[in-house]
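Work through the exercises below with the sequence and the 3D structure open. Each task is followed by a solution in steps.

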Amino acid sequence: MNAIVLAILVMVTLSLMRVSVVFALIAATLVGGLYAGMPIGEIMDAFNDGLGNGATVAISYAVLGAFAVALSRSGITQLLSQKAIAGLHLDEGIPHRRTIVFTLLGVLLAFAISSQNLIPVHIAFIPVLVPPLLKLMNHLKLDRRAVACVITFGITAPYMLLPVGFGSIFLHDILLTNLNDNGLDVTAAMVPTAMIVPIGGMAIGLVVAILLSYRRRRDYEDRDLAHGDETPAEAAGHLKPWQIAVLGLSLVGTVTVQLMSGSMVLGGLFGFALLSVSGVFHWHEQDDIFTEGMRMMALVGFIMIAAAGFASVMQASGQVETLVSSSTELIGDNKGLAALVMLLVGLFITMGIGSSFSTIPIIASIYVPLAIGFGFSPMATIALVGTAAALGDAGSPASDSTLGPTAGLNADGQHDHIWDSVVPTFLHYNIPLIAFGWLAAMTL
């Protein structure tokens with residue numbers, strides 16, 4: 001067995017057993033490294049070298065978490081939730097609940113898609129936008145697993161299909177370049193067209209998740225995100241109009257500063273600083289609020305850091321390239337089997353590295369000549385390599401496509417990362433991606 005495959009199996013098995021994802025990643029790192037023949041010292045050196053790659057995103061989430069708690073502490077989220085619940089009569093069992101649920105899910109989907117292109121903040125919007133909506137979701141009895149599927153679709157499907165924002169980087173700068181560098185002759189217009197069929201599979205998975213899998217009501221408790229001298233409800237009672245205006249300015253300013261500086265940390269700090277001087281909470285509380293926000297995001301941050309170390313060891317082991325090469329030995333001359341094996345290998349590599357963007361250069365060098373040899377058309381080869389690279393982005397315990405939704409939905413401690421984010425997105429997106437990616441490879 002390849003060391004990458006073994007490490008991924010160890011990580012997934014331990015995670016499904018409700019072992020801490022951080023512990024599962026470290027254990028999988030040691031198992032994979034030792035199985036690959038790396039000395040323990042070399043494993044730890046590679047692991048430590050990779051930790052820094054996840055630190056930036058981890059501290060960004062910690063700062064955004066502090067900003068989210070500060071918003072909650074101001075009372076504005078409580079005020080908006082109360083008005084929405086009362087205005088929509090959500091506590092009275094109104095018959096148009098489903099309409100409100102679909103509207104809310106549509107808004108979240110629009111925000112997620114926009115975060116990849118129109119306002120390219122990626123997952124930074126989640127810790128700020130989602131926690132204030134949790135009480136509204138509670139009164140709607142909305143299953144948060146459906147919300148996780150909606151957000152994950154919105155932050156993964158666009159870069160695989162739309163050649164703008166992050167999609168331009170994935171489709172043009174990385175996928176197109178590596179395909180042509182390895183012997184294929186394709187144009188920019190062909191790339192998104194070839195990805196329509198695989199994305200169609202994801203779209204079907206989204207519809208199934210919303211209309212079938214998680215359509216039933218699910219009960220959650222109303223929990224305050226912040227605890228200080230006043231409850232959020234009390235703080236909401238004396239919010240002044242100018243303070244509400246400052247709150248709105250802090251939200252806009254957070255996004256603006258991030259886009260101008262390219263730093264989620266600076267964006268979150270700007271928003272938190274603006275709230276600190278607005279008087280929406282007492283000055284002496286700001287340290288506790290900041291600490292509480294960082295604590296809320298601590299798990300997500302440590303998973304990201306550990307995942308970066310895990311990916312570093314897997315790459316240092318040399319087993320990633322070995323996995324790609326050895327997969328060709330299983331294929332023989334069966335074209336259908338060739339497409340399936342390439343997709344499955346892509347799944348394991350992306351779940352190990354944690355980034356579909358980093359997977360393409362590794363697999364394209366072998367998959368493109370192999371696809372040409374099997375007689376796959378250029379369009380089929382695009383779909384095959386693009387889908388193989390993107391597989392595992394959703395449904396991986398260490399991917400920001402699942403960690404992002406968890407960061408927002410678990411702000412009150414009622415959303416399990418593995419069983420409420422990872423498993424639902426794996427079932428509804430990775431499985432359809434394999435099926436429709438294979439279909440695209442065989443028919444295009």
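**Exercise 1: A salt bridge at Arg18**

Arg18 is exposed, with a relative accessible area of 60%; buried means under 20% relative accessible area, exposed over 50%, and partly exposed in between (1.4 Å probe, protein chains only). This is a predicted model, in which local features need pLDDT of at least 70, side-chain atom pairs count only at pLDDT 80 or more, and totals for chains, interfaces and linings use all residues. Residues are numbered from 1 along each chain as its sequence is written, and side-chain values use heavy atoms, with hydrogens and water left out.

Task: find which residue forms a salt bridge with Arg18, and state which parts the pair ties together.

Solution.
- Step 1. Apply the criterion: a side-chain nitrogen of Lys or Arg within 4 Å of a carboxyl oxygen of Asp or Glu.
- Step 2. The partner of Arg18 is Asp416, and their closest N and O atoms are 3.5 Å apart.
- Step 3. Arg18 lies in the loop between α1 (3-16) and α2 (21-35), and Asp416 in the loop between α21 (400-409) and α22 (417-443), so the pair ties together parts 398 residues apart in sequence. Helices here are DSSP runs of H or I with at least four residues, strands are runs of E with at least two, and both are numbered from the N terminus.
- Step 4. Asp416 has 30% relative accessibility and so counts as partly exposed.

**Exercise 2: Two loops, two salt bridges**

Task: find the salt-bridge partner of Asp219 and that of Asp143, then place each pair in the chain.

Solution.
- Step 1. Asp219 pairs with Lys141, with 2.9 Å between the closest N and O atoms.
- Step 2. Asp219 sits in the loop between α11 (196-213) and α12 (232-237), and Lys141 in the loop between α7 (134-140) and α8 (144-161), 78 residues apart.
- Step 3. Asp219 is exposed at 61% relative accessible area, while Lys141 is partly exposed at 31%.
- Step 4. Asp143 meets Arg218 in a salt bridge of 3.4 Å, N to O.
- Step 5. Asp143 is in the loop between α7 and α8 and Arg218 in the loop between α11 and α12, 75 residues apart.
- Step 6. Asp143 is buried, with a relative accessible area of 3%; Arg218 is partly exposed at 27%.
- Step 7. Asp143 and Arg218 also belong to a salt-bridge network with Arg145 and Asp420.
- Step 8. In the whole structure, a search finds six salt bridges.

**Exercise 3: Packing of α16 and α21**

Task: are α16 and α21 roughly parallel or antiparallel, and which residues make the contact?

Solution.
- Step 1. The axes of α16 (residues 298-316) and α21 come within 10 Å and cross at roughly 165°. Axes are lines fitted to C-alpha atoms over the stretch in contact, with angles from 0 to 180 degrees between N-to-C directions.
- Step 2. That makes the two helices roughly antiparallel (under 35 degrees counts as roughly parallel, over 145 as roughly antiparallel, 65 to 115 as roughly perpendicular, the rest as oblique).
- Step 3. Val300, Ile303 and Met304 of α16 contact Asp400, Leu403 and Ala407 of α21, a contact being heavy atoms within 4.5 Å.

**Exercise 4: The whole chain**

Task: how many helices and strands does the protein chain have, and what share of its residues is buried?

Solution.
- Step 1. The protein chain has 22 helices and zero strands.
- Step 2. Of its 444 residues, 56% are buried.
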